[in-house]
Amino acid sequence: MNPETTTKRSPIVLMWKFAAVEAVAFFLYFVATLLGNAKYEFYDQLSFSNFLSYQAAKMLFLSGAQFALTVYAFLSWYYEDYTIRPGSIQHSRGVIFKKEKNFPTDSSTSITISSGLLGKLLHYGSIRIKNGVSLLVLPHISRPERIVKAIRQEYSADENAFAEKPNIDQLLAENEHNQLEFKSSLRFDYKAGQANRDIEKAAMKTIAAFMNSNGGYLVVGVSDTRAPLGLRSDYMTLQRKDSDGFENHFTQSFNSMIGPEFRNLVKLWFHNIREHDLCAIQVLPSPRPVYLKADNNEQFYMRTGNISTALKLSEIESYARSRWPQRAS
């Protein structure tokens with residue numbers, strides 16, 4: 001897994017911001033000249049007009065306003081960046097209040113670079129990233145070719161990890177262990193005869209635990225004795241009643257409970273065993289901690305033997321340091 005790559009907008013943006021500050025300062029000075037004698041009469045009513053002349057006050061105000069706008073322009077550039085991670089790009093910005101937004105990426109993501117004559121001379125350009133109907137624009141990025149290469153390397157590495165379809169017969173021949181678990185369905189409750197969110201949450205809990213450990217396989221559509229039950233019961237709860245509908249719903253649930261930035265670490269493999277569709281969900285280990293978000297709460301799971309164990313808040317930091325030492329350093 002490649003390390004995170006962080007980039008910023010080109011310093012040329014700072015030049016534009018500073019030019020805008022100068023324009024605002026000139027505008028304020030121009031407005032002041034239009035007020036005529038009214039500005040002097042207003043100033044004479046202020047408490048400090050007796051010991052500070054109007055001209056001095058005007059210079060202090062304009063200089064202070066220009067300085068404040070310049071500082072804000074610089075900080076707004078300094079605190080804005082884009083972080084390229086496996087499966088996502090995070091846009092962070094904000095001087096006083098930090099705002100973050102994640103944009104998922106995968107091997108189907110379309111990436112183009114546009115750059116004008118000045119951009120080519122100064123080595124900056126805008127990157128347009130389209131994922132389905134969603135569009136993210138990284139404007140005026142320094143050396144955009146390097147960033148595009150980093151984005152493509154992130155998900156190409158994950159695609160190679162999914163190169164071979166798992167042997168479903170071999171998986172069914174094993175007992176559950178730290179990298180293997182079986183479930184009868186993704187969301188259908190056989191006892192209640194209907195979809196059950198708790199069952200869906202249990203599946204996502206297992207996937208999160210695999211990510212926080214060494215990866216693994218979750219095989220859906222088999223009984224406790226590993227006899228094929230199929231996915232038909234799950235299909236009947238979906239708008240599109242086939243494997244495509246199953247994967248679409250899985251992605252929606254995954255993005256909601258775990259996060260779209262981790263979706264590239266999971267691949268669904270469909271198998272047909274004795275006229276029953278089964279799904280082997282392959283999960284890669286995550287390069288950073290993964291939390292399960294459900295019921296207005298976040299929980300951290302890891303695999304201990306053949307079960308997914310929730311860690312206490314006091315235990316997570318210690319486990320994370322040992323599991324991801326490169327992040328601690």
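These exercises work through a predicted model of one protein chain.

**Exercise 1. Overall make-up**

Task: How many helices and strands are there in the protein chain, and what share of its residues counts as buried?

Solution.
- Start with the secondary structure. The protein chain has eleven helices and 17 strands.
- Turn to burial. The chain holds 329 residues, and 42% of them count as buried.
- Add the surface. The accessible surface comes to about 18,400 Å², with 54% of it belonging to carbon and sulfur atoms.
- Finish with contacts. Among contacts with a separation of 6 or more, 62% are between residues 24 or more positions apart.

**Exercise 2. The largest nonpolar core**

Task: Which residues have the most contacts inside the largest nonpolar core, and which element gives the most to this core?

Solution.
- Identify the core. The largest nonpolar core has 41 residues.
- Find its best-connected members. Ile207, Met211, Ile258 and Ile281 have the most contacts inside it.
- List the contributing elements. Those giving two or more residues to this core include the helices H6 (168–172), H7 (197–211) and H9 (243–257). Strands S8 (180–183), S11 (216–220), S12 (266–273) and S13 (276–283) also give two or more.
- Rank them. H7 gives the most to this core, with seven residues.
- Take one member, isoleucine 207. Neighbours within four places in sequence are left aside. Isoleucine 207 is then in contact with Leu218, Phe250, Phe254, Ile258, Val266, Ile281 and Val283.
- Look beyond this core. Another core of 13 residues lies apart from it, and Ile111, Ile129, Leu138 and Ile147 are among its members.

**Exercise 3. Strand S6 and its partners**

Task: Which strands pair with S6, and over how many bridges?

Solution.
- Place the strand. S6 covers residues 124–131, and six of its eight residues are buried.
- Take one partner. Strand S5 (residues 110–114) pairs with S6 in the antiparallel sense over five bridges. Within this pairing, isoleucine 113 has isoleucine 127 of S6 as its bridge partner.
- Take the other listed partner. S6 and strand S7 (residues 134–142) run antiparallel and are joined by seven bridges. Here tyrosine 124 has serine 142 of S7 as its bridge partner.

**Exercise 4. A nonpolar patch on the surface**

Task: Which residues make the nonpolar surface patch, and where does its largest share come from?

Solution.
- Name the members. Met15, Trp16, Leu117, Leu118, Leu121 and Leu122 make a nonpolar surface patch of about 650 Å².
- Assign them to elements. Helix H1 (12–34) and helix H4 (117–122) each supply at least two of the patch residues.
- Weigh the shares. H4 brings the largest share, four residues.
- Check one member. Leucine 118 lies in helix H4. Its relative accessible area is 42%, so leucine 118 is partly exposed.
- Set this against the general trend. In soluble globular proteins, nonpolar side chains tend to be buried together.

**Exercise 5. Three salt bridges**

Task: Where do the partners of arginine 9, arginine 187 and arginine 321 lie, and are those partners buried or exposed?

Solution.
- Recall the principle. Side chains of opposite charge can pair when their charged atoms come close.
- Note the total. The count of salt bridges comes to nine.
- Begin with arginine 9. This residue forms a salt bridge with glutamate 80, and the closest N and O atoms are 3.7 Å apart. Arginine 9 lies in the loop between strand S1 (5–7) and H1, while glutamate 80 lies in the loop between helix H3 (54–78) and strand S2 (81–85), so the pair ties together parts that are 71 residues apart in sequence.
- Check burial, which means under 20% relative accessible area. Arginine 9 has 17%, so it is buried. Glutamate 80 has 12%, so it is buried.
- Move to arginine 187. Its salt bridge is with glutamate 200, the closest N and O atoms being 3.3 Å apart. Arginine 187 is in the loop between S8 and strand S9 (188–189), and glutamate 200 is in helix H7, 13 residues apart. Both arginine 187 and glutamate 200 are buried.
- End with arginine 321. This residue forms a salt bridge with glutamate 317, with the closest N and O atoms 3.1 Å apart. Both lie in helix H10 (residues 313–323), four residues apart, about one turn of the helix.
- Check exposure. Arginine 321 is partly exposed at 46% relative accessibility. Glutamate 317 is exposed, with a relative accessible area of 54%.
- Add the network. Glu181, Lys183 and Arg303 are joined into one network by salt bridges that share partners.

Conventions
Residues are numbered from 1 along each chain as its sequence is written. This is a predicted model: local features need pLDDT of at least 70, side-chain atom pairs count only at pLDDT 80 or more; totals for chains, interfaces and linings use all residues. Side-chain values use heavy atoms; hydrogens and water are left out. Patches are made of residues with over 30% relative accessible area and no salt bridge: like charges are joined within 9 Å, nonpolar side chains (Val, Leu, Ile, Met, Phe, Trp, Tyr) within 5 Å. Accessible areas come from the Shrake-Rupley method with a 1.4 Å probe; for residues, only the protein chains shown count as cover. A salt bridge is a side-chain nitrogen of Lys or Arg within 4 Å of a carboxyl oxygen of Asp or Glu. Buried means under 20% relative accessible area, exposed over 50%, partly exposed in between (1.4 Å probe, protein chains only). A nonpolar core is a set of buried Ala, Val, Leu, Ile, Met, Phe, Trp, Tyr and Cys residues joined through side-chain atoms within 4.5 Å. Contact means heavy atoms within 4.5 Å. Two strands pair if DSSP finds at least two bridges between them.
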